[in-house]
Structure formats: C-alpha cells, structure tokens
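Hello,

Here is the structure I promised to pass on to you. Have a look at it first, and then read on for what turned up in it.

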Amino acid sequence: MNFPKEEKKFWQRHFRIEKLENIPKHWGTLKRIDSEEDDEFFYFLSQRVTSISEIHLKQTLITDEAIKHISKFEDLEILYLRKHQNITKESIPYFNKMESLVSLNITKTAITLSHLCEKLINQNLKEVFLSSETDE
C-alpha cells in the first residue's frame, strides 16, 4: 500500500513512525493538552487507526470537523474535550454516532444544555459533563 507524502510527514512529525506497517490499528489512550493538534491531525489519524478507547483533549485547535473524524474510531468510550470554543452544537450528531461512548466531557465549549436537550440522543452515554456558566 502506498504511503502518500503528506501522510508520511504527519506520522513522522507526530509519532516518529516511518513505515505504514508500524502504525498501530488499535490505541488505548490519546492525550493532548495545550497543544496544536487540529482537524487535519484527526483526519490523518482516522485514516489508519480504527480504534481508540479514550481521547483526552484540552485547549487544542480542533473544531467540529475533528469531531467528525473522531466519530470514526471504534470502541471510543471516553471523550474529553475541555476548553474548545470551536466545538459547537454541530458536533452533536457525531456524538450520537459514537456507539461505545459512555463518558463525554464538553466543558468550556460552545455547546449549551439547550443544544444537548434538543439533539443528543446517544443512549449509551452514562455521563456528560457540561459547563454551567454562560457568557451572555
């Protein structure tokens, strides 16, 4: 299988992986805090990795587009998205697609309780953390 140049640079830069066959298909936990991971990061990651159990992100550069890519991961049980003002109610349909998701933290995002009440229908979720403060 071919390893496109842009994708090869991604894997080398972020994970020091040189060969396509060295990319693990199943990951346990991915954590990034105050970092520059963005939508493209999750696009490339979702092209080769099929399963991640936990994703913990705080104050990265992701938007709703990254959530679309994250929703492709099988077995994702915990999704922690703290301090992401570019995560909006547009992500809620993707949260609904995450069949294994049991814990969702969307504190300090642009998603409100009203948005969740209107659109969140994922029956597998056991806990959802949301900011109670409003900046009106």
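Let me start with a small puzzle: is T107 buried or exposed? Please keep in mind that this is a predicted model. T107 sits in the loop between strand 4 (103-105) and helix 5 (113-119). With a relative accessible area of 11%, T107 falls under the 20% cut-off, so T107 is buried. Beyond its neighbours within four places in sequence, T107 is in contact with L81, R82, K83, F129, L130 and S131.

Now for the overall picture. The protein chain has five helices and five strands, and along the sequence they follow the pattern α-β-α-β-α-β-α-β-α-β. Its radius of gyration is 15 Å, close to the 14 Å that the globule rule gives for 136 residues, so the chain is as compact as a globular protein of that length. The C-alpha atoms fill a box of roughly 45 × 30 × 20 Å along the principal axes. Of the 136 residues, 40% count as buried. The accessible surface comes to about 8,100 Å², and 45% of that belongs to carbon and sulfur atoms. Among contacts between residues at least 6 apart in sequence, 58% join residues at least 24 apart.

Next, the inside. The largest nonpolar core holds 34 residues, and F42, L45, I55, I70, L79 and F95 touch the most other members. At least two residues of this core come from each of helix 1 (5-15), strand 1 (26-33), helix 2 (39-48), strand 2 (51-58), helix 3 (64-70), strand 3 (78-82) and helix 4 (92-97). Helix 2 gives the most, with four residues.

Helix 2 deserves a closer look. Seven of its 10 residues are buried, so helix 2 is largely enclosed by the rest of the structure. The buried ones are D39, F41, F42, F44, L45, S46 and R48, and they pack against helix 1, strand 1, strand 2 and helix 3. L45 shows this nicely: leaving aside neighbours within four places in sequence, L45 is in contact with F10, W11, F15, W27, L30, I52 and F73. At the N-terminal end of helix 2, D38 acts as a cap, with a side-chain oxygen 3.3 Å from the backbone nitrogen of E40.

You may also enjoy the aromatic rings. The whole structure has 10 aromatic pairs. In one of them, the ring centres of F15 and W27 are 5.0 Å apart and the planes stand at 80°, so this pair is edge-to-face. It links distant parts of the chain, as F15 is in helix 1 and W27 in strand 1, 12 residues apart. W27 counts as buried, at 13% relative accessibility. F15 also pairs with F41, this time in a tilted arrangement, with 5.9 Å centre to centre and 40° between the planes. Here F15 in helix 1 meets F41 in helix 2, 26 residues apart. F41 is buried, with a relative accessible area of 2%. Ring pairs join F10, W11, F15, W27, F41, F42, Y43 and F44 into a cluster.

Finally, a look at E74, in the loop between helix 3 and strand 3. E74 has a relative accessible area of 46%, so E74 is partly exposed. E74 and S51 are 23 residues apart in sequence, yet their C-alpha atoms are 4.6 Å apart in space. Not counting residues up to four places away in sequence, E74 touches T50, S51 and I52.

Best wishes

How values were computed. Residues are numbered from 1 along each chain as its sequence is written. This is a predicted model: local features need pLDDT of at least 70, side-chain atom pairs count only at pLDDT 80 or more; totals for chains, interfaces and linings use all residues. Side-chain values use heavy atoms; hydrogens and water are left out. A nonpolar core is a set of buried Ala, Val, Leu, Ile, Met, Phe, Trp, Tyr and Cys residues joined through side-chain atoms within 4.5 Å. Buried means under 20% relative accessible area, exposed over 50%, partly exposed in between (1.4 Å probe, protein chains only). Contact means heavy atoms within 4.5 Å. A polar contact is a pair of N or O atoms within 3.5 Å; within protein, one must be able to donate a hydrogen and the other to accept it, and residues adjacent in sequence count only if both atoms are side-chain atoms. The radius of gyration is taken over C-alpha atoms; the globule rule is 2.2 Å times the number of residues to the power 0.38. Accessible areas come from the Shrake-Rupley method with a 1.4 Å probe; for residues, only the protein chains shown count as cover. Rings of Phe, Tyr and Trp (its six-membered ring) pair if their centres lie within 6.5 Å; planes under 30 degrees apart count as stacked, over 60 as edge-to-face and the rest as tilted.
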